[in-house]
Amino acid sequence: MNVRAVIEARLTDPSLDASTVAAAVGVSVRYANAALAREGTSIRRLILARRLARCRKALADAAQAGRTVTEIAHAWGFSDMTHFSRSFKCAYGVTPSDYRHRRGEFDCIQ
């Protein structure tokens, strides 16, 4: 199944959801989620995790210091900044702004 490849290819699309991914792969959402459940994830969680990881990487990149947190989040498919901020804090233990300001302290976070 190429679920991961489809997600990576369309990660910046804010309308990317489980139905879109499953349709692109040619399976039902239920089937794709059942396959991913063996890995302890789902389409929705995988999309969120990949977007958060890309945002984290961008926030740590000194070359992107001129971009706002909002610009970075929007570039990786987040349309709701409250959801982004809460999800980022849940995943990494700090807000996106704090992560950016203290990025040297978080080099070990994968």
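The protein has 7 helices and 0 strands. Before I go on, please keep in mind that this is a predicted model. Read from the N terminus, the order of elements is α-α-α-α-α-α-α. The C-alpha trace spans about 40 × 25 × 25 Å along its principal axes. There are 110 residues in the protein, and 35% of them are buried. As for contacts between residues at least 6 apart in sequence, 57% join residues at least 24 apart.

I will start with one helix pair. Helix α4 covers residues 43-60 and helix α6 covers residues 81-92. Their axes are 10 Å apart, and the packing angle is about 85°. An angle of 65 to 115 counts as roughly perpendicular, and α4 and α6 are therefore roughly perpendicular to each other.

Which residues meet there? From α4 they are L48, L52, A53, C55, R56 and L59. From α6 they are H83, F84, S87, F88, A91 and Y92. Sorted by class, the contact of α4 with α6 has 9 nonpolar residues, 2 polar and 1 charged.

C55, in that α4 set, brings me to the cysteines. How many disulfides does the model have? The count is 0. C55 is in no disulfide, and the nearest cysteine sulfur, that of C90, is 15 Å away. A disulfide is a covalent bond between the sulfur atoms of two cysteines. The cut-off used here is a pair of cysteine sulfur atoms within 2.5 Å. Seen from the other end, the closest cysteine sulfur to that of C90 is in C55, and 15 Å is too far for a bond.

Are these two cysteines buried or exposed? Buried means under 20% relative accessible area, and exposed means over 50%. C55 has 0% relative accessibility, so C55 counts as buried. C90 has 69% relative accessibility, so C90 counts as exposed.

Next, helix α3, residues 29-37. Its buried residues are A32, A35 and L36. Why do they sit on the same side of α3? Because they cover an arc of only 95° around the axis. What covers these buried residues includes α1, residues 3-9, and α4. So α4 comes up twice in this talk, in the cover over α3 and in the packing with α6.

Two loop positions to finish. D17 lies in the loop between α1 and α2, where α2 is residues 18-25. With a relative accessible area of 35%, D17 is partly exposed. What does D17 touch? Leaving out residues up to four places away in sequence, D17 touches I43 and I47. For a distance, take D17 and I72, which are 55 residues apart in sequence. From C-alpha to C-alpha, D17 and I72 are 19 Å apart in space.

The other position is G93. G93 is found in the loop between α6 and α7, with α7 at residues 96-101. Its relative accessibility is 53%, so G93 counts as exposed. G93 and V29 are 64 residues apart along the chain, and 30 Å separates their C-alpha atoms.

To recap, the predicted model has 7 helices and 0 strands, a roughly perpendicular pair in α4 and α6, and 0 disulfides. Its α3 has its buried residues on the same side. Of the two loop positions, D17 is partly exposed and G93 is exposed.

Terms used. Residues are numbered from 1 along each chain as its sequence is written. This is a predicted model: local features need pLDDT of at least 70, side-chain atom pairs count only at pLDDT 80 or more; totals for chains, interfaces and linings use all residues. Side-chain values use heavy atoms; hydrogens and water are left out. Axes are lines fitted to C-alpha atoms, for helices over the stretch in contact, and angles run from 0 to 180 degrees between N-to-C directions. Helices (H or I, at least four residues) and strands (E, at least two) are DSSP runs, numbered from the N terminus. Angles under 35 degrees count as roughly parallel, over 145 as roughly antiparallel, 65 to 115 as roughly perpendicular and the rest as oblique. Contact means heavy atoms within 4.5 Å. Ala, Val, Leu, Ile, Met, Phe, Trp, Tyr, Cys and Pro count as nonpolar, Asp, Glu, Lys and Arg as charged, and the others, Gly among them, as polar. Buried means under 20% relative accessible area, exposed over 50%, partly exposed in between (1.4 Å probe, protein chains only). The arc is that of the directions from the helix axis to the C-beta atoms.
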